[in-house]
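Hi,

Here is the structure I promised to pass on to you. Have a look at it first, and then read on for what I found.

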Amino acid sequence: MMGRTHDLASFTALSYVVATQPPQSITLATGITSLLICFVGGLTPDIDQPTADLWRKLPAGSVIGRIFHPFLGGHRYISHSIIGILFFSWFSKFLLTRVGQVLLVDVNMVWSAFMIGYISHLIMDSFTQEGVPWLFPIPFRFGFPPFKVLRIKTGGTFEKTVVFPGLLFLNGYIYYSFYNKFLDLFKHYLK
Ligand SMILES: [Zn+2]
């Protein structure tokens with residue numbers, strides 16, 4: 001999937017979780033940080049790709065991307081697996097607990113947003129022809145539907161004309177259906 005599809009998928013997943021399990025109260029700083037970190041989480045699995053969107057968005061990112069590349073074994077390996085989820089879940093918590101105290105944000109909430117973005121990436125990639133090695137190091141790539149020909153080509157017409165607009169529509173649906181929940185959340189901000 002393309003970077004912008006992952007961005008939108010992360011946002012959709014976060015919207016859905018917030019709508020269905022709204023936090024009791026949340027500060028503006030935590031809300032904004034969670035949203036930004038969710039996008040970072042949604043692009044993180046592709047750090048094994050030196051040309052990844054995440055690297056392009058960071059200063060000197062392409063250099064760092066090339067350094068990371070050999071360690072993660074090329075595109076769609078360890079960072080696209082359950083081991084990758086566990087590693088980044090630990091690593092992001094480790095970083096956030098240190099940075100969170102400075103930023104004065106709810107670390108658990110920001111961390112959850114990161115993981116929502118991260119996992120949404122792997123789910124989205126599972127719909128593509130390349131599939132996802134969920135059980136790395138077992139060298140098998142899982143995909144849905146199981147037949148490769150039926151899956152989506154990354155950057156192809158289907159992704160641009162059906163998947164991306166479909167996700168936009170889904171967001172509209174979530175915000176429409178859970179309008180009151182989101183309104184409540186904003187009222188909490190204003191207190
Ligand atoms: Zn990917």
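Let me start with Gly41. Setting aside the residues within four places of Gly41 in sequence, its contacts are Ser10, Ala113, Phe114, Met115, Ile116, Gly117 and Tyr118. Gly41 itself sits in helix α2. Is Gly41 buried or exposed? It counts as buried, because 28 C-beta neighbours fall inside 10 Å, and 20 are enough for that label. Another pairing to look at is Gly41 with Ser120: 79 residues separate them in sequence, yet their C-alpha atoms are 8.8 Å apart in space.

Before going further, please keep in mind that this is a predicted model.

Now for the overall picture. The protein chain has eight helices and zero strands, so to speak of its order from the N terminus is to read α-α-α-α-α-α-α-α. It has 191 residues, of which 30% count as buried. If you take the contacts between residues at least 6 apart in sequence, 70% of them join residues at least 24 apart.

Next, helix α6, which covers residues 107-126. How does its length compare with what its 20 residues should span? At 1.5 Å a residue the expected span is 28 Å, and the C-alpha atoms at its two ends are 29 Å apart, which agrees. Buried residues of α6 include Val110, Trp111, Phe114, Gly117, Tyr118, Ser120, His121 and Asp125. Against which helices do the buried residues of α6 pack? They pack against α1, α2 (28-43) and α5 (82-103).

Finally, the pair α1 and α7. Helix α1 spans residues 3-20 and helix α7 residues 157-177; their axes come within 10 Å and cross at roughly 20°. That makes α1 roughly parallel to α7, since the angle is under 35 degrees. The crossing of α1 past α7 is left-handed. On the α1 side, the residues that meet α7 are Thr5, Leu8, Ala9, Phe11, Thr12, Ser15, Tyr16 and Ala19. Across from them, α7 brings Glu159, Val163, Phe164, Leu167, Leu168, Leu170, Asn171, Ile174 and Tyr175. By type, the residues of this contact divide into 12 nonpolar, four polar and one charged.

When you open the model, I would begin with Gly41 and its contacts in α2's surroundings, then turn to the α1 and α7 crossing.

Best wishes

Definitions and conventions. Residues are numbered from 1 along each chain as its sequence is written. This is a predicted model: local features need pLDDT of at least 70, side-chain atom pairs count only at pLDDT 80 or more; totals for chains, interfaces and linings use all residues. Axes are lines fitted to C-alpha atoms, for helices over the stretch in contact, and angles run from 0 to 180 degrees between N-to-C directions. Helices (H or I, at least four residues) and strands (E, at least two) are DSSP runs, numbered from the N terminus. Angles under 35 degrees count as roughly parallel, over 145 as roughly antiparallel, 65 to 115 as roughly perpendicular and the rest as oblique. A crossing is left-handed if the near helix is turned anticlockwise from the far one by less than a right angle, and right-handed if clockwise. Two residues are in contact if their C-beta atoms, placed from the backbone, lie within 7 Å. Ala, Val, Leu, Ile, Met, Phe, Trp, Tyr, Cys and Pro count as nonpolar, Asp, Glu, Lys and Arg as charged, and the others, Gly among them, as polar. A residue is buried if 20 or more other C-beta atoms lie within 10 Å of its own, exposed if 12 or fewer, and partly exposed in between; C-beta atoms are placed from the backbone. The expected span of a helix is 1.5 Å times one less than its number of residues.
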